[in-house]
Amino acid sequence: MNPHRRFSRLAAIACLLPGLACSAGTPANDTHGEISLAGTWTLVAANVLHPDGSRSRDYGDAPKGLLLIDHAGHYSLQLYRSDRPRFVDPSKARATAPEYQAAVMGSSTHYGTVAVEPDHHLVFRIEGASFPNWEGQQQSRSFELRGDTLSYRVPPRPDGNVPISVWRRIGD
């Protein structure tokens, strides 16, 4: 790794550590025995609640996804439409505008840290995302945990639609 890049990463980590230590909430693995989200989760449903109260599937009939959360609260999340069309050309650089649009609109990925708030909210501190506007954001999501099933509501979109993600824990 380039020494300048390594120094930049170390400097960024050093700047983030004090803020993480003072942040509200508890890591995904609550040490008080209340709630632990640490583990590997697979996507069960990716729905959207419309302003009129109706629901639809946000990522098609058979969405795919993986959510990994470690004991310190670091996470990585991926959602995909399973019916995304493949690019005609094997080179990603030579895709057409509709192919790029289907790829972008058919996926959502982000990573960072997540904390469990006492009021049944998850706070995602997004470090990197496929949607660049989310990078650096903190997003709160109301959640429900029943056994090994986690569901949460994403903040409403500009059109008022509220995405709802449902995950099943498949391992620690």
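Here's a quick briefing on the pocket, the nonpolar cores and the salt bridges in this structure. Keep in mind that this is a predicted model. The headline items are a largest pocket of about 680 Å³, a largest nonpolar core of 22 residues and six salt bridges.

**Largest pocket**

- The volume of the largest pocket comes out at about 680 Å³, and 26 residues line it.
- If you want to find its centre, look for Tyr59, Ser108, Phe131, Trp134 and Arg157, which are the lining residues closest to that point.
- Sorted by class, the lining has 15 nonpolar residues, eight polar ones and three charged ones.
- Several elements chip in at least two lining residues each: strands E2, E5, E6, E8 (138-146) and E10 (162-171), plus helix H2 (97-105).

**Nonpolar cores**

- In the largest core, with its 22 residues, the members that touch the most other members are Leu37, Leu67, Tyr75, Leu122, Leu150, Tyr152 and Trp167.
- Six strands each put at least two residues into this core: E2 (39-49), E4 (64-69), E5 (74-80), E6 (107-117), E7 (121-129) and E9 (149-153).
- E7 makes the largest contribution, with four residues.
- There's also a second core, separate from the big one, made of five residues; among them are Ala45, Val162, Ile164 and Val166.
- Strands E2, E5 and E6 turn up on both lists, since each gives at least two residues to the largest core and at least two to the lining of the largest pocket.

**Salt bridges**

- Of the six salt bridges in the structure, three are worth spelling out here.
- Arg57 pairs with Asp61, with 3.2 Å between the closest N and O atoms, and both of these residues are exposed.
- Arg81 and Asp83 form another bridge, where the closest N and O atoms sit 2.8 Å apart.
- Asp83 has a relative accessible area of 48%, so it counts as partly exposed; Arg81 is partly exposed too, at 26%.
- Arg146 bridges to Glu144, again with 2.8 Å between the closest N and O atoms.
- In that pair, Arg146 is exposed because its relative accessible area is 59%, over the 50% cut-off.
- Its partner Glu144 reaches 39% relative accessibility, so that residue is partly exposed.

Methods
Residues are numbered from 1 along each chain as its sequence is written. This is a predicted model: local features need pLDDT of at least 70, side-chain atom pairs count only at pLDDT 80 or more; totals for chains, interfaces and linings use all residues. Side-chain values use heavy atoms; hydrogens and water are left out. A salt bridge is a side-chain nitrogen of Lys or Arg within 4 Å of a carboxyl oxygen of Asp or Glu. Buried means under 20% relative accessible area, exposed over 50%, partly exposed in between (1.4 Å probe, protein chains only). A nonpolar core is a set of buried Ala, Val, Leu, Ile, Met, Phe, Trp, Tyr and Cys residues joined through side-chain atoms within 4.5 Å. On a 1 Å grid over the protein atoms alone, a cavity is a set of points where a 1.4 Å probe fits but cannot get out, and a pocket is an open set with protein on both sides within 12 Å along at least five of seven lines; lining residues have an atom within 4 Å of a point. Grid points are joined across faces, edges and corners, and a volume is the space filled by probe spheres set on the points. Ala, Val, Leu, Ile, Met, Phe, Trp, Tyr, Cys and Pro count as nonpolar, Asp, Glu, Lys and Arg as charged, and the others, Gly among them, as polar.
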